[in-house]
Amino acid sequence: MERTSAGDSLPVYTDYKNGRTKVITILRRCGGDVQILRDEMQKVCDNRTVRICTGRLEVDGNFALRVKYWLIGLGL
């Protein structure tokens, strides 16, 4: 996974759906073994189901801050 080029920040985003009633946390720029990354991210996000989409991981709920701290702890 790479940081973004603009500002060198982590590629973790929060998206709002259904008239801002549903919150989704998105981790973009995923590479390598996405299955292992998904399993580890699932542990960080209170065992919520993490979906694998093309080039990104999505989980229902606002876990952006937790995911960012987790990634920083990994040294990214």
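Reader: Which residues are linked in a network of salt bridges?

Author: In this predicted model, the network of salt bridges links K22, R51, R56, E58 and D60.

Reader: Why is the contact of K22 and D60 called a salt bridge?

Author: The side chains of K22 and D60 meet at 4.0 Å, N to O, and since the criterion asks for a Lys or Arg side-chain nitrogen within 4 Å of a carboxyl oxygen of Asp or Glu, the pair is counted as a salt bridge. K22 belongs to strand β2 (residues 22–28) and D60 to strand β4 (residues 56–60), so the pair ties together parts that are 38 residues apart in sequence.

Reader: What makes R51 part of the network of salt bridges?

Author: The side chain of R51 meets that of E58 at 3.5 Å, N to O, and that of D60 at 3.2 Å, N to O; set against the cut-off of 4 Å, both contacts therefore count as salt bridges.

Reader: How do you know whether E58 and R51 are buried or exposed?

Author: E58 has a relative accessible area of 10%, and because buried means under 20%, E58 is called buried. R51, with a relative accessible area of 30%, falls between the limits of 20% and 50%, so R51 is called partly exposed.

Reader: Why is R20 said to lie over the face of Y16?

Author: R20 lies at 4.2 Å from the ring centre of Y16, which satisfies the distance limit of 6 Å; the definition also requires a position within 35 degrees of the ring normal, so the assignment rests on both conditions.

Conventions:
Residues are numbered from 1 along each chain as its sequence is written. This is a predicted model: local features need pLDDT of at least 70, side-chain atom pairs count only at pLDDT 80 or more; totals for chains, interfaces and linings use all residues. Side-chain values use heavy atoms; hydrogens and water are left out. Helices (H or I, at least four residues) and strands (E, at least two) are DSSP runs, numbered from the N terminus. Buried means under 20% relative accessible area, exposed over 50%, partly exposed in between (1.4 Å probe, protein chains only).
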